[in-house]
Amino acid sequence: MTALITRVDAWEALDSRGNPTVACAVEVAGGQGQAVVPSGASTGAHEAVELRDGGDRYGGKGVLGAVANVQTVLAEAVTGIDADDQHAVDEALRAADPTPGFGQVGANAVLAVSLAACLAAADAERVPLYRWLAAGSAGATPLLPLPMVNILSGGAHAGGAIDVQDFLVVPVGADSFAQAVEWAWRVRRAAADLMDAAGHGTALVADEGGLAAPFASNRAALELLTQAIERSGLAPGSDAAVAIDVAATQLVDGDRYALASEGRSLGADEWVAELADWCARFPIVSIEDPLGEDDWTGWATATKALGHVQVLGDDLFVTNTERLARGVEEGIANAVLVKPNQTGTVSGARRVVDLAQRSGYATVLSARSGETEDAWLADMAVGWRTGQIKVGSVMRSERTAKWNRLLRIEAELDRAGGSDYAGRGALEPAIRLGAPGAP
Ligand code: PGA
Ligand code: ZN
(Lines give C-alpha, C1' and ligand atoms only; values in the text may rest on other atoms or scores of the structure.)
(Ligands and ions follow the chains in the order given, each with its own letter.)
Protein backbone atom coordinates (compact mmCIF):
# COMPACT_ATOMS: atom_id res chain seq x y z
CA MET A 1 0.00 0.00 0.00
CA THR A 2 1.01 3.55 -0.43
CA ALA A 3 -0.03 6.45 1.76
CA LEU A 4 0.85 9.55 -0.24
CA ILE A 5 0.83 12.72 1.85
CA THR A 6 -1.93 14.98 0.55
CA ARG A 7 -2.19 17.70 3.18
CA VAL A 8 -0.22 19.11 6.13
CA ASP A 9 -1.69 21.54 8.61
CA ALA A 10 -0.28 23.06 11.83
CA TRP A 11 -1.40 25.28 14.67
CA GLU A 12 -0.17 26.57 18.00
CA ALA A 13 -1.28 24.49 21.02
CA LEU A 14 -0.28 24.41 24.73
CA ASP A 15 1.87 21.88 26.57
CA SER A 16 1.41 20.64 30.15
CA ARG A 17 3.32 23.61 31.59
CA GLY A 18 1.01 25.90 29.66
CA ASN A 19 3.68 26.92 27.17
CA PRO A 20 2.95 27.12 23.45
CA THR A 21 3.96 24.16 21.31
CA VAL A 22 3.57 22.97 17.73
CA ALA A 23 0.63 20.76 16.73
CA CYS A 24 0.37 19.19 13.30
CA ALA A 25 -2.07 17.10 11.26
CA VAL A 26 -1.02 15.10 8.22
CA GLU A 27 -3.51 13.60 5.77
CA VAL A 28 -2.55 10.73 3.52
CA ALA A 29 -4.52 8.71 1.02
CA GLY A 30 -6.73 6.61 3.32
CA GLY A 31 -5.72 8.00 6.73
CA GLN A 32 -4.63 10.86 8.94
CA GLY A 33 -2.38 11.52 11.94
CA GLN A 34 -2.06 14.29 14.49
CA ALA A 35 0.77 15.06 16.92
CA VAL A 36 1.63 17.73 19.49
CA VAL A 37 5.31 18.00 20.40
CA PRO A 38 6.71 18.07 23.97
CA SER A 39 9.32 20.42 25.43
CA GLY A 40 11.99 20.18 28.16
CA ALA A 41 13.00 22.44 31.04
CA SER A 42 16.41 20.98 31.90
CA THR A 43 17.35 20.84 28.24
CA GLY A 44 20.80 19.85 27.00
CA ALA A 45 22.86 22.48 25.18
CA HIS A 46 23.43 20.01 22.33
CA GLU A 47 19.76 19.25 21.66
CA ALA A 48 18.14 20.07 18.32
CA VAL A 49 16.81 23.62 18.16
CA GLU A 50 13.41 24.53 19.60
CA LEU A 51 12.26 27.57 17.62
CA ARG A 52 10.45 30.22 19.71
CA ASP A 53 9.17 33.59 18.49
CA GLY A 54 10.56 35.94 21.13
CA GLY A 55 8.80 39.27 21.59
CA ASP A 56 5.90 39.85 23.97
CA ARG A 57 3.41 37.15 22.98
CA TYR A 58 3.40 34.31 25.54
CA GLY A 59 6.45 35.90 27.14
CA GLY A 60 8.47 35.20 24.00
CA LYS A 61 7.62 31.48 23.99
CA GLY A 62 5.17 31.60 21.07
CA VAL A 63 5.76 29.17 18.20
CA LEU A 64 3.93 30.91 15.35
CA GLY A 65 7.19 30.99 13.36
CA ALA A 66 7.62 27.21 13.69
CA VAL A 67 3.94 26.71 12.81
CA ALA A 68 4.37 28.86 9.70
CA ASN A 69 7.41 26.79 8.72
CA VAL A 70 5.28 23.62 8.86
CA GLN A 71 2.58 25.25 6.74
CA THR A 72 5.01 26.42 4.08
CA VAL A 73 8.46 24.92 3.58
CA LEU A 74 7.88 21.60 5.39
CA ALA A 75 4.43 20.98 3.90
CA GLU A 76 5.89 21.57 0.48
CA ALA A 77 8.81 19.25 1.21
CA VAL A 78 6.69 16.22 2.20
CA THR A 79 3.52 16.57 0.10
CA GLY A 80 3.39 13.72 -2.39
CA ILE A 81 5.82 11.54 -0.44
CA ASP A 82 4.69 8.09 0.69
CA ALA A 83 4.28 8.21 4.48
CA ASP A 84 4.76 4.43 4.55
CA ASP A 85 8.42 5.24 4.01
CA GLN A 86 9.31 7.11 7.20
CA HIS A 87 12.90 7.38 6.07
CA ALA A 88 11.85 9.21 2.89
CA VAL A 89 9.64 11.60 4.89
CA ASP A 90 12.46 12.38 7.30
CA GLU A 91 15.01 12.77 4.50
CA ALA A 92 12.71 15.31 2.83
CA LEU A 93 12.45 17.20 6.13
CA ARG A 94 16.23 17.13 6.46
CA ALA A 95 16.64 18.41 2.88
CA ALA A 96 14.32 21.32 3.70
CA ASP A 97 16.67 22.36 6.52
CA PRO A 98 20.16 20.85 6.36
CA THR A 99 21.49 22.98 9.26
CA PRO A 100 22.57 21.11 12.41
CA GLY A 101 19.67 20.60 14.81
CA PHE A 102 17.16 22.00 12.29
CA GLY A 103 18.24 25.50 13.30
CA GLN A 104 16.34 27.26 10.50
CA VAL A 105 12.84 25.79 10.64
CA GLY A 106 12.99 24.47 14.22
CA ALA A 107 13.13 20.85 15.39
CA ASN A 108 9.73 21.42 17.04
CA ALA A 109 8.28 22.06 13.56
CA VAL A 110 10.11 19.09 12.03
CA LEU A 111 9.16 16.58 14.73
CA ALA A 112 5.50 17.55 14.53
CA VAL A 113 5.45 16.64 10.81
CA SER A 114 7.59 13.52 11.21
CA LEU A 115 5.33 12.14 13.97
CA ALA A 116 2.03 13.08 12.35
CA ALA A 117 3.17 11.41 9.10
CA CYS A 118 4.09 8.26 11.04
CA LEU A 119 0.68 8.20 12.77
CA ALA A 120 -1.06 8.79 9.42
CA ALA A 121 0.77 5.86 7.83
CA ALA A 122 -0.29 3.52 10.66
CA ASP A 123 -3.84 4.83 10.38
CA ALA A 124 -3.93 4.20 6.63
CA GLU A 125 -2.65 0.67 7.19
CA ARG A 126 -5.32 0.17 9.90
CA VAL A 127 -2.77 -1.14 12.40
CA PRO A 128 -2.03 0.12 15.94
CA LEU A 129 1.00 2.40 15.97
CA TYR A 130 3.12 -0.05 18.02
CA ARG A 131 2.55 -2.75 15.38
CA TRP A 132 3.41 -0.32 12.61
CA LEU A 133 6.67 0.64 14.37
CA ALA A 134 7.48 -3.02 15.09
CA ALA A 135 6.90 -3.88 11.43
CA GLY A 136 9.58 -1.30 10.58
CA SER A 137 11.91 -3.39 12.75
CA ALA A 138 11.74 -6.46 10.52
CA GLY A 139 8.65 -7.76 12.28
CA ALA A 140 9.99 -7.47 15.83
CA THR A 141 7.57 -8.74 18.44
CA PRO A 142 6.06 -6.06 20.71
CA LEU A 143 7.70 -5.71 24.14
CA LEU A 144 6.09 -3.86 27.07
CA PRO A 145 8.72 -1.69 28.81
CA LEU A 146 9.80 -1.64 32.45
CA PRO A 147 8.58 1.72 33.80
CA MET A 148 10.66 4.21 35.80
CA VAL A 149 8.16 6.27 37.81
CA ASN A 150 8.82 9.70 39.31
CA ILE A 151 8.03 9.90 43.05
CA LEU A 152 10.00 12.91 44.35
CA SER A 153 10.97 15.91 42.23
CA GLY A 154 13.62 18.57 42.53
CA GLY A 155 15.83 20.69 40.31
CA ALA A 156 14.33 22.58 37.38
CA HIS A 157 11.03 20.70 37.73
CA ALA A 158 10.28 21.76 41.30
CA GLY A 159 11.74 25.21 41.87
CA GLY A 160 14.99 23.69 43.13
CA ALA A 161 13.30 22.06 46.17
CA ILE A 162 16.21 19.60 46.20
CA ASP A 163 19.25 19.33 43.90
CA VAL A 164 18.64 15.94 42.30
CA GLN A 165 15.89 16.36 39.72
CA ASP A 166 14.09 12.99 39.85
CA PHE A 167 13.83 10.28 42.50
CA LEU A 168 12.07 7.39 40.78
CA VAL A 169 10.84 3.93 41.65
CA VAL A 170 11.61 1.00 39.35
CA PRO A 171 9.30 -1.97 40.11
CA VAL A 172 11.93 -4.54 39.09
CA GLY A 173 10.12 -7.49 40.71
CA ALA A 174 6.73 -7.03 39.05
CA ASP A 175 5.51 -9.72 36.64
CA SER A 176 3.59 -7.47 34.30
CA PHE A 177 3.41 -3.84 33.26
CA ALA A 178 0.04 -3.49 35.00
CA GLN A 179 1.48 -4.83 38.26
CA ALA A 180 4.47 -2.48 37.93
CA VAL A 181 2.10 0.50 37.69
CA GLU A 182 0.13 -0.60 40.74
CA TRP A 183 3.34 -1.02 42.75
CA ALA A 184 4.56 2.42 41.67
CA TRP A 185 1.19 3.86 42.75
CA ARG A 186 1.57 2.22 46.18
CA VAL A 187 5.04 3.68 46.61
CA ARG A 188 3.87 7.14 45.62
CA ARG A 189 1.00 6.99 48.10
CA ALA A 190 3.32 5.76 50.88
CA ALA A 191 5.78 8.57 50.07
CA ALA A 192 2.95 11.10 50.32
CA ASP A 193 1.87 9.63 53.70
CA LEU A 194 5.43 9.88 55.02
CA MET A 195 5.74 13.46 53.81
CA ASP A 196 2.42 14.39 55.37
CA ALA A 197 3.57 12.88 58.66
CA ALA A 198 6.77 14.96 58.43
CA GLY A 199 4.69 18.13 58.04
CA HIS A 200 5.37 18.71 54.33
CA GLY A 201 2.40 19.54 52.14
CA THR A 202 1.66 17.04 49.39
CA ALA A 203 -1.19 18.74 47.54
CA LEU A 204 1.11 20.56 45.12
CA VAL A 205 2.99 18.53 42.57
CA ALA A 206 5.95 19.29 40.32
CA ASP A 207 6.08 19.39 36.51
CA GLU A 208 6.05 15.60 36.14
CA GLY A 209 3.57 14.92 38.94
CA GLY A 210 6.23 14.11 41.56
CA LEU A 211 6.06 15.28 45.17
CA ALA A 212 8.28 18.27 45.89
CA ALA A 213 9.56 19.20 49.33
CA PRO A 214 12.54 21.07 50.72
CA PHE A 215 14.32 18.02 52.12
CA ALA A 216 17.30 18.71 54.38
CA SER A 217 19.55 16.80 51.98
CA ASN A 218 19.47 14.64 48.87
CA ARG A 219 20.14 11.65 51.11
CA ALA A 220 17.04 12.47 53.15
CA ALA A 221 14.99 12.15 49.96
CA LEU A 222 16.60 8.79 49.18
CA GLU A 223 15.83 7.64 52.72
CA LEU A 224 12.18 8.65 52.41
CA LEU A 225 11.80 6.87 49.07
CA THR A 226 13.36 3.68 50.44
CA GLN A 227 11.05 3.85 53.47
CA ALA A 228 8.08 4.37 51.14
CA ILE A 229 8.98 1.16 49.31
CA GLU A 230 9.08 -0.76 52.63
CA ARG A 231 5.84 0.82 53.81
CA SER A 232 4.19 -0.36 50.57
CA GLY A 233 4.90 -3.96 51.56
CA LEU A 234 7.56 -4.25 48.86
CA ALA A 235 11.15 -5.38 49.34
CA PRO A 236 13.59 -2.54 48.52
CA GLY A 237 15.94 -3.72 45.80
CA SER A 238 14.26 -6.97 44.78
CA ASP A 239 10.63 -5.82 44.35
CA ALA A 240 11.10 -2.12 43.86
CA ALA A 241 14.39 -0.33 43.32
CA VAL A 242 15.39 3.32 43.06
CA ALA A 243 16.57 5.35 40.08
CA ILE A 244 17.75 8.95 40.14
CA ASP A 245 18.14 11.60 37.45
CA VAL A 246 20.72 14.01 38.81
CA ALA A 247 20.43 16.28 35.74
CA ALA A 248 23.90 17.40 36.84
CA THR A 249 24.35 19.96 34.07
CA GLN A 250 22.09 22.12 36.25
CA LEU A 251 24.56 21.75 39.17
CA VAL A 252 27.72 22.66 37.25
CA ASP A 253 29.55 25.58 38.87
CA GLY A 254 32.87 26.09 37.06
CA ASP A 255 34.66 22.78 37.48
CA ARG A 256 32.63 21.83 40.56
CA TYR A 257 29.15 20.51 41.34
CA ALA A 258 27.10 22.73 43.64
CA LEU A 259 24.51 21.13 45.92
CA ALA A 260 22.61 24.31 46.79
CA SER A 261 20.12 22.55 49.08
CA GLU A 262 23.00 21.24 51.19
CA GLY A 263 25.23 24.33 50.94
CA ARG A 264 28.09 22.22 49.53
CA SER A 265 30.21 22.25 46.39
CA LEU A 266 32.19 19.18 45.29
CA GLY A 267 34.87 18.41 42.69
CA ALA A 268 33.92 15.75 40.11
CA ASP A 269 35.88 12.95 41.86
CA GLU A 270 34.43 13.82 45.24
CA TRP A 271 30.94 13.99 43.73
CA VAL A 272 31.30 10.58 42.07
CA ALA A 273 32.49 9.12 45.40
CA GLU A 274 29.37 10.59 47.03
CA LEU A 275 27.16 8.96 44.38
CA ALA A 276 28.96 5.63 44.87
CA ASP A 277 28.22 5.92 48.59
CA TRP A 278 24.50 6.50 47.82
CA CYS A 279 24.57 3.33 45.68
CA ALA A 280 26.04 1.39 48.61
CA ARG A 281 23.43 2.66 51.08
CA PHE A 282 20.27 2.72 48.98
CA PRO A 283 18.75 0.24 46.47
CA ILE A 284 19.78 2.34 43.45
CA VAL A 285 19.79 0.57 40.08
CA SER A 286 20.07 3.51 37.67
CA ILE A 287 21.75 6.94 37.71
CA GLU A 288 20.98 9.41 34.93
CA ASP A 289 23.22 12.36 34.11
CA PRO A 290 25.52 12.06 37.15
CA LEU A 291 27.88 14.62 35.54
CA GLY A 292 27.54 17.68 33.33
CA GLU A 293 26.82 17.43 29.59
CA ASP A 294 30.38 18.34 28.52
CA ASP A 295 32.31 16.70 31.37
CA TRP A 296 33.45 13.64 29.37
CA THR A 297 36.37 13.11 31.78
CA GLY A 298 34.07 13.11 34.80
CA TRP A 299 31.70 10.76 32.96
CA ALA A 300 34.56 8.30 32.35
CA THR A 301 35.34 8.33 36.09
CA ALA A 302 31.65 7.95 36.91
CA THR A 303 31.23 4.99 34.56
CA LYS A 304 34.16 3.20 36.21
CA ALA A 305 32.90 3.90 39.72
CA LEU A 306 29.16 3.39 39.12
CA GLY A 307 29.10 1.01 36.15
CA HIS A 308 27.69 -1.82 38.32
CA VAL A 309 24.39 0.03 38.01
CA GLN A 310 22.79 1.56 34.93
CA VAL A 311 24.62 4.78 34.03
CA LEU A 312 22.24 6.65 31.78
CA GLY A 313 23.12 9.53 29.46
CA ASP A 314 20.44 12.15 28.73
CA ASP A 315 21.95 15.65 28.36
CA LEU A 316 25.27 13.93 27.54
CA PHE A 317 23.96 12.06 24.47
CA VAL A 318 20.89 14.21 23.60
CA THR A 319 19.53 11.40 21.36
CA ASN A 320 22.37 12.07 18.93
CA THR A 321 24.16 9.20 17.15
CA GLU A 322 27.52 11.01 16.99
CA ARG A 323 27.55 11.73 20.71
CA LEU A 324 26.38 8.20 21.53
CA ALA A 325 29.04 6.74 19.19
CA ARG A 326 31.69 8.71 21.10
CA GLY A 327 30.33 7.32 24.37
CA VAL A 328 30.43 3.74 23.06
CA GLU A 329 33.97 4.26 21.72
CA GLU A 330 35.24 5.66 25.04
CA GLY A 331 33.27 3.26 27.26
CA ILE A 332 31.23 6.09 28.76
CA ALA A 333 27.83 5.27 30.31
CA ASN A 334 26.02 2.00 29.57
CA ALA A 335 22.55 3.28 28.70
CA VAL A 336 20.98 6.09 26.70
CA LEU A 337 17.84 8.14 27.28
CA VAL A 338 15.91 8.62 24.04
CA LYS A 339 13.78 11.75 23.62
CA PRO A 340 12.48 12.18 20.06
CA ASN A 341 12.38 15.98 20.30
CA GLN A 342 16.09 16.13 21.12
CA THR A 343 16.80 14.95 17.58
CA GLY A 344 13.78 16.11 15.54
CA THR A 345 12.62 13.07 13.55
CA VAL A 346 11.19 9.61 14.17
CA SER A 347 14.02 8.09 12.11
CA GLY A 348 16.64 10.03 14.07
CA ALA A 349 15.34 8.64 17.36
CA ARG A 350 15.16 5.18 15.81
CA ARG A 351 18.80 5.34 14.71
CA VAL A 352 19.88 6.08 18.29
CA VAL A 353 17.88 3.10 19.59
CA ASP A 354 19.46 0.85 16.92
CA LEU A 355 23.01 2.02 17.65
CA ALA A 356 22.48 1.53 21.39
CA GLN A 357 21.02 -1.94 20.97
CA ARG A 358 23.88 -2.97 18.63
CA SER A 359 26.41 -1.60 21.14
CA GLY A 360 24.98 -3.33 24.22
CA TYR A 361 23.68 -0.08 25.71
CA ALA A 362 20.26 -0.14 27.37
CA THR A 363 17.61 2.25 26.02
CA VAL A 364 15.11 4.27 28.05
CA LEU A 365 12.47 6.06 26.00
CA SER A 366 11.53 9.32 27.74
CA ALA A 367 8.87 11.99 27.82
CA ARG A 368 9.71 15.64 28.58
CA SER A 369 8.79 17.74 31.60
CA GLY A 370 6.57 19.80 29.29
CA GLU A 371 4.33 17.12 27.80
CA THR A 372 1.14 16.77 25.83
CA GLU A 373 -1.89 14.50 25.89
CA ASP A 374 -0.42 12.40 23.05
CA ALA A 375 0.40 8.75 23.70
CA TRP A 376 2.63 7.84 20.72
CA LEU A 377 5.61 7.52 23.07
CA ALA A 378 4.00 4.41 24.60
CA ASP A 379 3.64 2.73 21.20
CA MET A 380 7.21 3.66 20.34
CA ALA A 381 8.55 1.93 23.46
CA VAL A 382 6.60 -1.24 22.64
CA GLY A 383 7.26 -1.32 18.88
CA TRP A 384 10.95 -0.49 19.17
CA ARG A 385 11.47 -2.79 22.18
CA THR A 386 13.29 -0.09 24.13
CA GLY A 387 12.96 -2.15 27.31
CA GLN A 388 12.40 0.84 29.59
CA ILE A 389 10.26 3.98 29.65
CA LYS A 390 10.19 7.13 31.80
CA VAL A 391 7.21 9.49 31.59
CA GLY A 392 6.94 11.06 35.06
CA SER A 393 4.60 10.12 37.90
CA VAL A 394 1.34 8.13 37.99
CA MET A 395 -0.83 11.24 37.89
CA ARG A 396 -1.44 14.30 35.66
CA SER A 397 -3.16 13.40 32.41
CA GLU A 398 -0.19 14.11 30.16
CA ARG A 399 1.59 11.32 32.11
CA THR A 400 -1.33 8.90 32.49
CA ALA A 401 -2.03 9.20 28.73
CA LYS A 402 1.17 7.18 28.23
CA TRP A 403 0.65 4.73 31.12
CA ASN A 404 -2.97 4.17 30.06
CA ARG A 405 -1.95 3.45 26.50
CA LEU A 406 0.60 0.88 27.72
CA LEU A 407 -2.03 -0.71 30.00
CA ARG A 408 -4.37 -1.04 27.03
CA ILE A 409 -1.66 -2.52 24.79
CA GLU A 410 -0.77 -5.09 27.46
CA ALA A 411 -4.42 -6.04 27.94
CA GLU A 412 -4.95 -6.35 24.16
CA LEU A 413 -1.88 -8.52 23.70
CA ASP A 414 -2.86 -10.70 26.65
CA ARG A 415 -6.28 -11.27 25.14
CA ALA A 416 -4.64 -12.10 21.82
CA GLY A 417 -2.48 -14.83 23.33
CA GLY A 418 0.08 -13.20 25.61
CA SER A 419 2.25 -10.14 26.08
CA ASP A 420 5.98 -9.93 26.51
CA TYR A 421 7.12 -7.69 29.38
CA ALA A 422 10.72 -6.44 29.61
CA GLY A 423 10.57 -6.08 33.39
CA ARG A 424 10.24 -9.81 34.02
CA GLY A 425 13.46 -10.85 35.74
CA ALA A 426 14.83 -7.34 35.27
CA LEU A 427 17.45 -7.80 37.96
CA GLU A 428 18.99 -10.92 36.46
CA PRO A 429 21.71 -11.17 35.46
CA ALA A 430 23.04 -8.44 37.72
CA ILE A 431 21.68 -5.23 36.33
CA ARG A 432 20.44 -5.52 32.77
CA LEU A 433 17.34 -3.48 33.34
CA GLY A 434 14.48 -4.09 30.97
CA ALA A 435 16.33 -6.56 28.70
CA PRO A 436 16.18 -4.27 25.67
CA GLY A 437 17.10 -5.10 22.13
CA ALA A 438 16.25 -7.31 19.22
CA PRO A 439 13.79 -10.17 19.75
P1 PGA B 1 13.32 17.77 30.78
O2 PGA B 1 13.51 16.68 31.92
O3 PGA B 1 12.25 17.31 29.89
O4 PGA B 1 13.00 19.02 31.55
O5 PGA B 1 14.66 17.85 30.07
C6 PGA B 1 13.49 15.31 31.70
C7 PGA B 1 14.82 14.69 32.03
O8 PGA B 1 15.79 15.40 32.38
O9 PGA B 1 14.97 13.48 31.90
ZN1 ZN C 1 17.27 13.67 32.40
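**Note on the predicted model: Leu143, the ligand site and two positive phi values**

1. Leu143 is buried, its relative accessible area being 3%, and this residue is placed in the loop that runs between α4 (129-135) and β4 (146-153). The model is a predicted one, and the remarks here should be read with that in mind. Because the cut-off for a buried residue is a relative accessible area under 20%, the 3% of Leu143 puts this loop residue in the buried class. As for its relation to Phe317, the two residues are 174 positions apart along the chain, and their C-alpha atoms are separated by 24 Å.

2. Where does ligand 1 sit? The ligand is located in the largest cavity, and 14 residues surround it, of which Ala41, His157, Arg368, Ser369 and Lys390 come nearest. Sorted by class, this shell consists of seven charged, five polar and two nonpolar residues.

3. Which distances separate polar side-chain atoms of Lys390 and Lys339 from oxygen atoms of ligand 1? For Lys339, a polar side-chain atom is placed 3.3 Å from an oxygen atom of the ligand, while for Lys390, which is also listed among the residues that come nearest, the corresponding distance is 2.8 Å. Asp314 contributes a further pair, in which an N or O atom of its side chain is 3.1 Å from an oxygen atom of ligand 1. Taken alone, ligand 1 exposes 280 Å², and the protein buries 100% of that area.

4. Two arginines deserve a look at their backbone angles. Most residues other than glycine have a negative phi. Arg385, which is not a glycine, nevertheless has a positive phi of about 55 degrees, and this residue is found in the loop between α12 (376-383) and β14 (387-390). Is the residue buried or exposed? With a relative accessibility of 8%, Arg385 counts as buried, because the limit for that class is under 20%.

5. Arg396 likewise carries a positive phi, here near 75 degrees, in a residue other than glycine, and its place is in the loop between β14 and α13 (397-415). Its relative accessibility is 26%, so Arg396 counts as partly exposed, a class that lies between the buried limit of 20% and the exposed limit of 50%. Strand β14 thus borders both loops in question, the one that holds Arg385 and the one that holds Arg396.

Technical notes. Residues are numbered from 1 along each chain as its sequence is written. Chains are lettered from A and ligands numbered from 1 in the order in which they are written. This is a predicted model: local features need pLDDT of at least 70, side-chain atom pairs count only at pLDDT 80 or more; totals for chains, interfaces and linings use all residues. Side-chain values use heavy atoms; hydrogens and water are left out. Helices (H or I, at least four residues) and strands (E, at least two) are DSSP runs, numbered from the N terminus. Buried means under 20% relative accessible area, exposed over 50%, partly exposed in between (1.4 Å probe, protein chains only). A residue is near a molecule or strand if one of its heavy atoms lies within 4 Å of it. A polar contact is a pair of N or O atoms within 3.5 Å; within protein, one must be able to donate a hydrogen and the other to accept it, and residues adjacent in sequence count only if both atoms are side-chain atoms. Accessible areas come from the Shrake-Rupley method with a 1.4 Å probe; for residues, only the protein chains shown count as cover. On a 1 Å grid over the protein atoms alone, a cavity is a set of points where a 1.4 Å probe fits but cannot get out, and a pocket is an open set with protein on both sides within 12 Å along at least five of seven lines; lining residues have an atom within 4 Å of a point. A molecule sits in a cavity or pocket if more than half of its atoms lie within 2 Å of its grid points. Ala, Val, Leu, Ile, Met, Phe, Trp, Tyr, Cys and Pro count as nonpolar, Asp, Glu, Lys and Arg as charged, and the others, Gly among them, as polar.
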